[in-house]
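Work through the following exercises with the sequence and the coordinates at hand. Each task is followed by a solution that goes step by step.

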Amino acid sequence: MTLQVKSVSSFRFDELFHDYINQFHENLYHVIPDVKSGSTLPLQLVRNSPVKKYNPIIQAASPDHAQEIVNIYRDIYGNTYPYKEMTDVEEVRRMLKNKDYTFILFKDKNDIIMGCFTFVFDFVHRRAYMRGYNVKRKYQKYFDVVKGFIGSLLAMIHEHQDRILMWYAENRTAHSASQYFCQVAGVKNVAFLPNKDIFLNKIESDMMHVGYHETMLKTLRSSRFFCILPEVVPCFTFISQRYSFLAHSINVVNPDLFLDHIRVHENVHRITRCMKMDAFGHVTFTFKIRGSDSFLKGLYTSTIKNMEKIKYHAESLEELSAFLIHLQHLRESLGVRYVECMVSAREPLHQRIFLNHGFYPRGYMPSWEFDEDEKKFYDCILFNWFLPPLAPDLKLIDEGWMLLRYLNFIN
């Protein structure tokens, strides 16, 4: 459906901040750009900056634009960009043909491509990952990053409004710009990822931002009680300030953990490991225990030495503990700097085992995973481990500093 925009709307910045992503969409519905044919965002932002920012033409990319997208990454990062698939023309072209990806281009009136933005869709979990918001260096000073972001996100929300109800990003902390315009659109910071990335050959932390449709939290979220440890309470308290209804479904518990350490030791020796590397330095690793259906799997990115996307199923607490012992051995042998895993907010003993193995809760994630039996979404806690010291010179918006205070990273 092509949207006919009849006039330019004027907003102050404080009028753009929203609690939910659907409020953002409804409030700005009449200015959604047509990304199929390409159009600007007809939105006038009242701001204090005396510099006139260029309002880009926003257009969806085609497979023919693969080389242009790679050129943008090379312009900004040279040969240092750690996710090598984004600097491989054939791999980017493959993504452009895949329905799970949408690439947005930013152009000037002469059809010159100034930047790009990527959306990766997970239709099962009804969420989309926003990544690679890049503007060539020569345009960065005058490019209107807020309008580029708002216009792209509005168009994607509109196109997928019945299928995607959560939008998230992992924003760099070398600058605060991306954190700021995410917050403007209702995509709020929820978790801290210390030392997760390396950009321009420097270790950096990320701040995770999530924007929810109300339905994701009020209708599709499980009504079953969640149980969290006292150590998780700061993360939960931070997120509940935004979504206060969450407090009605949380129990804080502190159960004793009893492990049969002989069985743990036996399970460690029954673990088999499979590791497969792709052409871009990503290694999929899988642990299994002989004679059991239990597993732990994840992704190791060799270019930045981190582990993420870890999922597991353990038939006993002893098996889970064995997996984490084996994971530590692998982590140490590979020189890993950062490890991340989502842990169910229904499993306090799992949370305790992760804590005992050096992981810490650094974000509470409502409605993150889908329960096939209940047909509802349930909450998770983002646990991570990182190799200190924390990378210096964090650039954060106020909400980011607030989260770090809750997590006791700062006073």
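A residue is called buried when its relative accessible area is under 20%, exposed when it is over 50%, and partly exposed in between, with a 1.4 Å probe and protein chains only as cover. The model is predicted, so local features need a pLDDT of at least 70 and side-chain atom pairs count only at pLDDT 80 or more, whereas totals for chains, interfaces and linings use all residues. Residues are numbered from 1 along each chain as its sequence is written, and side-chain values use heavy atoms, with hydrogens and water left out.

**Exercise 1. Establish how confident the predictor is along the chain, and find where pLDDT stays under 50.**

Begin with the scale: pLDDT is the predictor's confidence in each residue, from 0 to 100. The chain averages 93 on this scale, and 96% of the residues score at least 70. Next, look for the weak stretch, which is residues 1-6, where pLDDT stays under 50. For these residues the model has 10 contacts (heavy atoms within 4.5 Å) beyond four places in sequence. Where pLDDT is low, the predicted coordinates should not be read in detail.

**Exercise 2. Describe the overall fold by its secondary structure, its radius of gyration and its burial.**

First count the elements, taking helices (H or I, at least four residues) and strands (E, at least two) as DSSP runs numbered from the N terminus: the chain has 11 helices and 18 strands. Then compare the radius of gyration, taken over C-alpha atoms, with the globule rule, 2.2 Å times the number of residues to the power 0.38. The chain gives 22 Å, close to the 22 Å that the rule gives for 411 residues, so it is as compact as a globular protein of that length. Along the principal axes, the C-alpha atoms fill a box of roughly 70 × 45 × 40 Å. Finally, buried residues make up 57% of the 411 residues, and among contacts between residues at least 6 apart in sequence, 67% join residues at least 24 apart.

**Exercise 3. Place G298 and Y364 in their strands and decide whether each is buried or exposed.**

G298 belongs to strand 14, residues 295-301, and its relative accessibility is 6%, so it counts as buried. Beyond its neighbours within four places in sequence, G298 is in contact with V283, T284, F285, E308, K309 and I310. From C-alpha to C-alpha, G298 and P82 are 18 Å apart in space, with their positions 216 residues apart in sequence. Y364 lies in strand 17 and counts as buried because its relative accessibility is 0%. The C-alpha atoms of Y364 and L296 are 21 Å apart, at a sequence separation of 68 residues.

**Exercise 4. Examine the backbone at D111, K375 and the bond between P388 and P389.**

Start from the usual expectation: most residues other than glycine have a negative phi, and most peptide bonds are trans. D111, in the loop between strand 4 (101-107) and strand 5 (113-122), has a positive phi of about 70° although it is not a glycine, and its relative accessibility of 52% makes it exposed. K375, in the loop between strand 17 (360-371) and strand 18, also has a positive phi, near 60°, and at 48% relative accessibility it counts as partly exposed. The last step concerns omega, which is about 5° for the cis peptide bond joining P388 and P389. P389 is found in the loop between strand 18 (376-386) and helix 11 (398-406).
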